[in-house]
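Reader: I have the sequence and the coordinates open. Can we walk through the pocket, the strands and one residue of interest?
Author: Yes, take a look here.

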Amino acid sequence: FIGTKAFTNCCALKNIELPENLEVLEDQTFSNCSSVETITFNEGLRIINAGCFTNCNLLSELNFNKNLEEICGGAFEHCTSLKEVILPDSLRLIGTGAFQECTSITKVIVNEGLTDLAASCFNKCVNLVDLQLSSTINFMSHSCFAGCVSLKKVVLPNNLRAVYDGVFNGCTALEEVNIPESVKLFGGSCFADCKSLKQMIIHDGVTTITAGSFRGCSSLELIR
């Protein structure tokens, strides 16, 4: 067992190798360890709790173990050197703001198994250009990709039921979105200020388009 904030603010720490018998990392265990460059995750790790690696600014790579089940709120928030995130098939929960403001991330792959993307989980990942979402995703909570200003194309999962409030708000480079027929609801400001978006196909099954859904989409030429 390693307790909450056990190594917070250990600013000279560079490499972390977790013990084989560890199953849970508690809240903020390694937060503000600003010199950490590498983390070796043990195979038995199941849960990374809230804020565990927040502000580990030199951490550039993550190789998650195959048994990881939960990445909780803000776990890797402000890890500004991270380049890509590949979530394992075993993952069942990603928390609010888990990778928020990881400003160097260019690629995110969500593998099969995860059904929900929590609020702001990749909010303001301003260099994200490659987003690959698994077919198992049913819900994308508010602002989960808001402010991803380099994102140009999104293919939404075939089982997605709703695009909730602010999901792609402020994605100013977004030109193309593939909306599946499963989507029933467009939430408030879900595509607001997507200034490069030129067309939107809205299928017959959509029942609700909420206030401000496409506000400020100044290049939008076609809705059908």
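Reader: By class, which residues make up the lining of the largest pocket?
Author: This is a predicted model. Nonpolar residues in the lining include L62 and F64, and K66 and K83 are also in it. By class, the lining has five nonpolar, two polar and five charged residues.

Reader: How much space lies in that largest pocket?
Author: Its lining includes S60, E61 and N63, along with I86, L87, P88 and D89. The space in the largest pocket is about 160 Å³.

Reader: L87 is a lining residue. What is its bridge partner in strand 8?
Author: Strand 6 covers residues 84–87 and strand 8 covers residues 107–110. The two run parallel and are joined by four bridges. The partner of L87 in strand 8 is V110.

Reader: Strand 8 also pairs with strand 10. Which residue of strand 10 is the bridge partner of I109?
Author: Strand 10 spans residues 130–132. Its pairing with strand 8 is parallel, over three bridges. Opposite I109, the bridge partner is Q132.

Reader: Five strands form an open sheet. Which are the edge strands?
Author: The order is 9-11-13-15-17, with parallel pairing. An edge strand here pairs on one side only. That leaves strand 9 (116–117) and strand 17 (208–209).

Reader: Which residue of strand 11 stands opposite L117?
Author: Strand 9 and strand 11 (residues 139–140) pair in the parallel sense. Two bridges hold that pairing. Opposite L117 stands M140.

Reader: Now N65. Is N65 buried or exposed?
Author: N65 is found in the loop between strand 4 (47–48) and strand 5 (70–71). Its relative accessible area is 1%. The cut-off for buried is under 20%. N65 therefore counts as buried.

Reader: Which residues does N65 touch, leaving out those up to four places away in sequence?
Author: One of them, P88, also lines the largest pocket. The full list is F41, N42, E43, G44, L45, P88 and S90.

Reader: Which backbone oxygen does the side chain of N65 reach at 3.3 Å, besides that of N42?
Author: Both N42 and E43 are touched by N65. The backbone oxygen of N42 lies 3.3 Å from a polar atom of the N65 side chain. The side chain also reaches, at 3.3 Å, the backbone oxygen of E43.

Methods
Residues numbered from 1 in each chain as written. Predicted model: local features only at pLDDT ≥ 70, side-chain atom pairs only at ≥ 80, totals over all residues. Heavy atoms only, no water. 1 Å grid on protein atoms, 1.4 Å probe; cavity = no way out; pocket = protein on both sides within 12 Å on 5 of 7 lines; lining within 4 Å. Points joined across faces, edges and corners; volume = space filled by probe spheres on them. Nonpolar A, V, L, I, M, F, W, Y, C, P; charged D, E, K, R; others polar. Pairing = 2+ DSSP bridges. Buried < 20%, exposed > 50% of the residue type's maximum accessible area, 1.4 Å probe, protein only. Polar contact = N/O pair within 3.5 Å; in protein donor to acceptor, adjacent residues only side chain to side chain. Contact = heavy atoms within 4.5 Å.
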